[in-house]
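I'm opening a fresh notebook page on this one. I'll jot down whatever I look up as I go.

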Amino acid sequence: MSLKTLDFSILQQCMHCGMCLPACPTYDTTKRERNSPRGRIALMRSVDTEELPITKSFADEMSYCLGCLACQTACPAGVDYATLFETARADIEQSGITATPTRSLYRFLTLNLLFTRPRLLRTFGKALRFYQTSGLETLVRKLHLTKLLPANLRRLEPQTPRISEKFSNQLIRSIESPTTSPVVRKVALLTGCIQDLAFSEINRDTADVLLANGCEVHTPPVQPCCGSIHSHNGETELARDTARRLIDLLPPEKFDAIISNAGGCGSHLRHYGHLLENDPAYSERAKLWDTKLRDIHEFLSETGFRRPTAAPFPEDTLVTYHDSCHLTHGQKVTLQPRLIIDLIPGLTRVELPEANWCCGSAGVYSVTQPEQAQLLLDRKVKHILSTNATILLTANPGCHLQIQSALPNLKILHPVSLLAQAYAKEPTANGR
Ligand code: SF4
Ligand code: SF4
């Protein structure tokens with residue numbers, strides 16, 4: 001699909017009211033129309049009607065957009081900005097206007113190789129962990145050898161996620177059943193890519209919470225990427241391939257729910273129906289998939305999770321919650337994480353000012369747009385510090401890494417980990 005073949009009604013839906021402008025972080029920075037959702041949609045419409053060719057400046061504008069979807073939440077006309085944005089990025093890639101040999105090589109190594117081969121990604125993760133834990137990383141930094149890296153990789157280096165000792169397949173068996181209660185639901189658990197390498201304990205915590213709530217949990221040890229990274233970077237065909245592989249691995253007809261615990265992945269995962277609508281072999285199953293896909297907070301709230309009886313931390317521990325853009329704007333999951341946090345004993349939650357304002361992570365945004373990413377991060381940090389919270393809760397690995405890079409001593413947890421820790425403190429077995 002391209003802007004030229006996209007259903008014109010999607011482009012026409014914008015009525016230029018400007019209600020989205022105050023919600024847009026890039027417009028907020030520059031106050032320029034072209035950096036606003038309305039301005040970008042106008043540019044896309046010009047490309048669609050062939051008044052404007054795909055130029056470098058059009059590509060730059062789409063790269064400056066965070067894809068945070070705050071505009072979609074603010075829009076009273078229901079403009080589908082996510083589809084417009086991903087279609088524009090796909091057009092830009094196909095035009096080749098931004099292609100350079102180095103960029104093409106990076107894209108091939110990441111999008112075509114690493115993020116389509118989960119075993120290779122884990123091998124890469126193990127090598128990275130060796131580098132991080134063997135003293136090599138310390139030596140490289142002491143000798144300032146990172147200066148030899150290309151500029152964009154040099155910027156990324158301090159934010160490289162710390163790779164976990166064990167990945168999800170070493171922490172979670174492929175099928176686990178509750179031991180102290182009957183099975184009430186059969187669910188599939190998605191382990192993600194970065195989540196699997198750097199936050200596998202969150203996947204373990206998610207499985208524990210599901211078990212404690214009577215779920216039989218199916219977690220295939222090797223799972224393909226959900227395709228979110230491909231879609232956001234204009235590689236729609238690769239995104240379709242990975243969606244088909246995931247549907248084959250976890251047939252939606254076999255489960256009561258398919259659980260995602262990463263905001264960015266979930267936002268993409270729940271739109272397989274749209275992604276595969278023209279694929280006769282998969283379109284029906286993809287639609288069924290969408291009806292089964294649930295963010296973990298959403299699932300727990302819908303099914304009525306058990307309130308823990310024990311406090312995970314000392315009484316009156318102050319916590320605050322940062323909304324990941326793709327959980328709040330992409331999936332409209334805002335109240336459920338707060339509800340879960342508020343039902344855990346011993347915590348006092350203080351609302352984070354501008355909790356749903358992007359932290360600047362947005363995929364590889366801190367590499368492609370470092371200045372704007374830093375501005376957003378500084379703004380987020382200021383608000384977090386103003387709460388005096390000792391724990392920040394958030395449900396997306398990108399946000400976690402971005403904020404942790406600025407506040408290395410702050411404890412950051414996923415709400416589901418908090419719930420798992422509360423269950424684990426109960427005097428009786430939690431069902432695992
Ligand atoms: S996705 Fe975010 S940055 Fe892009 S136009 Fe919408 S609000 Fe602005
Ligand atoms: S709020 Fe919606 S309809 Fe209004 S200008 Fe923004 S995108 Fe267009």
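Before I sort any residues, a note to self on classes: I count Ala, Val, Leu, Ile, Met, Phe, Trp, Tyr, Cys and Pro as nonpolar, Asp, Glu, Lys and Arg as charged, and the others, Gly among them, as polar. Also worth keeping in mind is that this is a predicted model.

**Entry: the second largest pocket**

I started with the second largest pocket and got a volume of about 550 Å³. I then asked which residues come closest to its centre. Out of 27 lining residues, they are Thr-83, Glu-86, Ser-231, His-271 and His-274.

Next I sorted the lining of this pocket by class. I found seven nonpolar, 14 polar and six charged residues.

Which element gives the most to the lining of the second largest pocket? I found that α6 does, with six residues. The elements that each supply at least two residues are α6 (81–95), α14 (228–232), α15 (236–249), α16 (263–269) and α17 (272–275).

**Entry: cavities**

I moved on to closed spaces. How many cavities of 30 Å³ or more does the structure hold? I got five.

The largest cavity has a volume of about 130 Å³. I listed the residues that line it and got 17, with Cys-14, Cys-20, Ile-41, Cys-75 and Val-79 closest to the centre. Two elements, α3 (37–48) and α5 (70–74), give two or more residues to this lining. The largest share is three residues, and it comes from α3.

By class, I wrote down 13 nonpolar, three polar and one charged for the lining of the largest cavity.

**Entry: ligand 2**

Where does ligand 2 sit? I found it in the largest cavity. I looked up its neighbours too: 13 residues surround ligand 2, and the closest are Cys-14, Cys-17, Gly-18, Cys-20 and Cys-75.

Cys-14, Cys-20 and Cys-75 were already on my page, as they are among the residues closest to the centre of the largest cavity. The shell around ligand 2 sorts into ten nonpolar, two polar and one charged residues.

**Entry: ligand 1**

I repeated the lookup for ligand 1. Of the 13 residues around it, the nearest are Cys-24, Arg-40, Cys-65, Cys-68 and Cys-71. The elements that give two or more residues to this shell are α2 (25–30), α3 and α5.

I noted earlier that α3 and α5 also feed the lining of the largest cavity. For classes, I have ten nonpolar, two polar and one charged residues around ligand 1.

**Entry: the five-stranded sheet**

A reminder before the sheets: strands of a sheet pair through backbone hydrogen bonds, either parallel or antiparallel.

I traced an open sheet of five strands in the order β1-β3-β2-β4-β5, and its pairing is mixed. β1 (175–176) and β5 (293–295) have a single partner strand each, so one side of each has no neighbour in the sheet.

I looked at β2 (residues 185–189) from both sides. With β4 (residues 257–260), β2 pairs in the parallel sense over three bridges. Leu-189 stands opposite Ile-259 in β4. With β3 (residues 215–218), β2 pairs in the parallel sense over four bridges. There, Ala-188 has His-218 of β3 as its bridge partner.

**Entry: the four-stranded sheet**

I also found an open sheet of four strands, ordered β7-β6-β8-β9, with parallel pairing. Which strands are at its edges? They are β7 (347–349) and β9 (411–413), each pairing on one side only. From one strand to the next, the twist averages 35°.

Last lookup on this page: β6 (residues 317–321) and β8 (residues 391–393) run parallel and are joined by three bridges. I picked out Tyr-321, whose bridge partner in β8 is Leu-393.

Notes:
Residues numbered from 1 in each chain as written. Chains lettered and ligands numbered in written order. Predicted model: local features only at pLDDT ≥ 70, side-chain atom pairs only at ≥ 80, totals over all residues. Heavy atoms only, no water. 1 Å grid on protein atoms, 1.4 Å probe; cavity = no way out; pocket = protein on both sides within 12 Å on 5 of 7 lines; lining within 4 Å. Points joined across faces, edges and corners; volume = space filled by probe spheres on them. Near = heavy atom within 4 Å. Sits in = over half its atoms within 2 Å of the grid points. Pairing = 2+ DSSP bridges. Axes fitted to C-alpha atoms, helices over the stretch in contact; angles between N-to-C directions.
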